[in-house]
Amino acid sequence: MFETGLLRDKRILVTGGGSGLGAAMGRRFLALGAELVICGRKLDRLEATASEMRAQTGGKVTTIACDVRDGGAVESMMDAIWREAPLDILVNNAAATFIAQSEHLSFRAADAILAPTLHGAMYCTLAAGKRWIDGKHGGVVLSILSTSTITGRAFTVPSAMAKSAVLAMTRSLAVEWGPKGIRTVAIAPGPFPTAGASGQLRPEGRDEGWTARNPMGRTGEHSELADRASFLVSDRAGYINGEMVVIDGGAHLRSSGAEDLLRWTDAQWAEQRAARSKG
C-alpha cells in the first residue's frame, strides 16, 4: 500500500512509544524508513521494545526516559533530541484513562488523567514547535485522540475533556503554525484493544460487546491505525492540516461506547473502585 521509503529521512518522536499503539506505530514508521525516538516513564520497557524493533526492521531507535507530565523534563528531552538532529514529526500518543463514576473522582484521580493526556501533549507540542520555528524547520504534530471528542463519553469524563482540548489545540495551531510550515493533525481511534487500555476500560464484569455493536462487526487491527498514522505524517498528506481522522468502523455513529455502564450496579462500581485502588 505504501511506497518503500515513504518516511525516509524523517526523525519521529512517539510519546508512550514503549507499548501498545505507540509501539505499533513506531514499528511501521521504521519499516517505512524513518528514524525513531520513543519516550516513556519506564526505561526498561523502552529498551526492550527498542531491541525488538531493531531486530525486526534494522532501523535506528533511540530511547529516552521522560515523564511528559513534567514540563521541565519535556524541555530536557527535547534538548537532548535536538543535540543530535531536529525532529521532523511528533506523535502525541501518551495518555491515561480509566472508567469511574464522575462524582467519585478525586482531584488527584482527575489530574492523573489530565496530566499526561492534556498537559503532556501540550508540553511536547510547544517544545517541538518553538524549536521548529526558531530553526525555520517544518514539522508535523500527530495527536492520538478519541471519538469522545465527537460524542462525549460518560464515565471517562476527564479523558473526554483532555482529548477534546487537544483537538482544539490541533485546530488552533493549524492556523497559527501552518504559515510556518508546521502541520497539526489527529486520529480518533475506536476500539483498538491493548493490554493497558483493556485493563482500565474493560474490567471483568463489563460486557465484551465491542464487535456486536460495531457496524463492521470487529475491533481495529493495530496495523490499520499504524498505516493511517504513517500516511498522515508523510509528505503525501502535506495538504491535510487541522483535521481529525476517525478510524472506528463507524462505531461512533451508533454509540459513544459507554452505554453499557449505565446498567452497572452500585456494587459493581464499588468493586471497580477497590480494584483500581489496589492497582
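The points below describe a predicted model, beginning with its sheet and moving on to its cores, its helices and its salt bridges.

1. The sheet. Seven strands form an open sheet in the order E3-E2-E1-E4-E5-E6-E7, and their pairing is parallel. Strand E3 (61-65) and strand E7 (244-247) stand at the edges with a single partner strand each, so one side of each has no neighbour in the sheet. From one strand to the next, the twist averages 20°. As general background, the strands of a sheet pair through backbone hydrogen bonds, in either a parallel or an antiparallel way.

2. The pairing of E2 with E3. These two strands pair in the parallel sense over five bridges, and within this pairing Leu 36 stands opposite Val 61 in E3. Helix H2 lies across both E2 and E3, and the direction in which H2 runs is at about 175° to E3.

3. Strand E4 and its two partners. On one side, E1 and E4 pair in the parallel sense over three bridges, with Val 91 in E4 as the bridge partner of Val 14. E4 and E5 also pair in the parallel sense, over four bridges, and here the bridge partner of Val 91 is Leu 142 in E5. The side chains of E4 can be followed in the same region: Ile 89 and Val 91 point one way from the strand, whereas Leu 90 and Asn 92 point the other way, and all are buried.

4. The largest nonpolar core. This core has 32 residues, of which Leu 7, Ile 12, Phe 29, Leu 36, Val 91, Leu 142 and Ile 187 touch the most other members. Elements that each supply at least two residues of the core include strand E1 (11-15), helix H1 (20-31), strand E2 (35-40) and helix H2 (43-57), and further along the chain they include strand E4 (89-92), strand E5 (139-144), strand E6 (182-189) and helix H9 (222-233). Val 91, named above as the bridge partner of Leu 142, is thus met again here as a core member, as is Leu 142.

5. Leu 7 and the second core. Which residues does Leu 7 touch, not counting residues up to four places away in sequence? Its contacts are Ile 12, Phe 29, Leu 32, Gly 33, Ala 34, Ser 230, Val 233 and Ser 234. A second core, separate from the largest one, has 29 residues, among them Ala 128, Leu 145, Ala 186 and Ala 188.

6. Helix H6. The 21 residues of this helix (residues 157-177) should span 30 Å at 1.5 Å a residue, and its end C-alpha atoms are 29 Å apart, which agrees. Among the buried residues of H6 are Pro 158, Ala 162, Val 166, Leu 167, Met 169, Leu 173 and Trp 177, and Lys 163 and Thr 170 are buried as well. The cover over the buried residues of H6 includes E4, helix H4 (107-134), E5, helix H5 (148-151), E6 and E7.

7. The salt bridge between Arg 236 and Glu 3. The structure holds twelve salt bridges, one of which joins Arg 236 to Glu 3, with the closest N and O atoms 2.7 Å apart. Because Arg 236 lies in the loop between H9 and E7 and Glu 3 lies in the segment before E1, the pair ties together parts that are 233 residues apart in sequence. Arg 236 counts as exposed at 58% relative accessibility, whereas Glu 3, at 41%, counts as partly exposed.

8. Glu 75 and its salt bridges. Lys 130 forms a salt bridge with Glu 75, the closest N and O atoms being 3.2 Å apart, and this pair links Lys 130 in helix H4 with Glu 75 in helix H3 (residues 71-84), 55 residues apart. Arg 131 also forms a salt bridge with Glu 75, and there the closest N and O atoms are 2.9 Å apart. Since Arg 131 lies in helix H4 and Glu 75 in helix H3, that pair ties together parts that are 56 residues apart in sequence. Arg 131 is buried, with a relative accessible area of 13%, while Lys 130 is partly exposed at 40% and Glu 75 counts as partly exposed at 26%.

9. A salt-bridge network. Arg 11, Glu 35, Lys 60 and Glu 84 are joined into one network by salt bridges that share partners.

Conventions:
Residues numbered from 1 in each chain as written. Predicted model: local features only at pLDDT ≥ 70, side-chain atom pairs only at ≥ 80, totals over all residues. Heavy atoms only, no water. Core = buried A, V, L, I, M, F, W, Y, C linked by side-chain atoms within 4.5 Å. Buried < 20%, exposed > 50% of the residue type's maximum accessible area, 1.4 Å probe, protein only. Contact = heavy atoms within 4.5 Å. Pairing = 2+ DSSP bridges. Axes fitted to C-alpha atoms, helices over the stretch in contact; angles between N-to-C directions. Expected span 1.5 Å × (residues − 1). Salt bridge = Lys/Arg side-chain N within 4 Å of Asp/Glu carboxyl O.
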